[in-house]
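Here are a few short exercises to work through with the model open. Try each one before you read the solution.

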Amino acid sequence: NDGDGKGFYIHEGDINKKIATKVYNELKARGVNVKLQIASGKSEDLNASARICNKSNPYIYLSLHHNSYNGNSKGYFSMYNQNDELGKQIAIRLANSIKDNGQVPQRDNRVNANNYIGELSHLNSTTRGVLMELGFFDNLSELEKICSNSYTDYVASHLADELVKILNELR
């Protein structure tokens with residue numbers, strides 16, 4: 001999309017970077033050994049993040065995104081790999097941790113069937129992969145919400161809290 005016809009342009013990467021940086025900072029503040037990985041641009045292939053991630057072999061891989069569909073879609077959800085029961089439970093917990101945000105509704109979580117999402121399906125077998133779509137930026141009402149500091153702060157704080165709980169339980 002080249003804009004909204006009024007001279008405005010938003011790129012998913014800008015929204016993703018804002019929330020990912022906030023989650024990263026929240027996790028660092030809680031003492032979590034975390035790495036922030038930002039795509040270098042639209043031309044980077046979808047599996048690059050998994051290849052980069054695999055070099056560190058983390059226990060949990062969390063990829064934060066926003067979606068575009070038809071202008072009326074709304075909500076957030078998480079995805080996990082098929083046949084990864086622990087990854088599924090982590091995805092459910094992360095999605096549930098932000099359900100009371102009051103701005104963006106929760107949708108049903110989804111399985112990464114047939115390895116459709118390459119960045120999840122190319123992770124090391126020891127890494128639990130979760131991809132979260134945190135809202136629809138082609139829905140102008142939802143775009144305003146997902147770009148707000150209140151939504152970003154809420155999501156980052158609650159995701160970080162839940163990730164710390166999960167990591168402490170798995171140790």
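**Exercise 1.** Is Cys53 buried or exposed? Then do the same job for Cys147.

*Solution.* Keep in mind that this is a predicted model. Step one: the cut-off for buried is under 20% relative accessible area, and exposed means over 50%. Step two: Cys53 has a relative accessible area of 6%, so Cys53 counts as buried. Step three: Cys147 comes out at 29%, which falls between the cut-offs, so Cys147 is partly exposed. While you're on cysteines, a pair of their sulfur atoms has to be within 2.5 Å to be a disulfide, and the count here is 0 disulfides.

**Exercise 2.** Work out how the secondary structure elements are ordered, and how compact the protein is.

*Solution.* Start with the tally: 6 helices and 4 strands. Read from the N terminus, they go α-α-β-β-α-β-α-β-α-α. Now for compactness: the radius of gyration is 15 Å, and the globule rule gives 16 Å for 171 residues, so the protein is as compact as a globular protein of that length. Along the principal axes, the C-alpha atoms take up a box of roughly 50 × 30 × 30 Å.

**Exercise 3.** What share of the residues is buried, and what does the surface look like?

*Solution.* First, the inside: 42% of the 171 residues are buried. Next, the contacts: of those with a separation of 6 or more, 80% link residues 24 or more positions apart. Then the outside: the accessible surface is about 9,600 Å², and carbon and sulfur atoms account for 47% of it. Last, the charges: there are 20 positive and 20 negative ones, with mean positions 4 Å apart.

Definitions and conventions. Residues numbered from 1 in each chain as written. Predicted model: local features only at pLDDT ≥ 70, side-chain atom pairs only at ≥ 80, totals over all residues. Heavy atoms only, no water. Helix = DSSP H or I, 4+ residues; strand = E, 2+ residues; numbered from the N terminus. Rg over C-alpha atoms; globule rule 2.2 N^0.38 Å. Buried < 20%, exposed > 50% of the residue type's maximum accessible area, 1.4 Å probe, protein only. Contact = heavy atoms within 4.5 Å. Areas by Shrake-Rupley, 256 points an atom, 1.4 Å probe, with all protein chains shown as cover. Lys, Arg positive; Asp, Glu negative; His and termini not counted. Charge placed at Lys NZ, Arg CZ, Asp CG, Glu CD.
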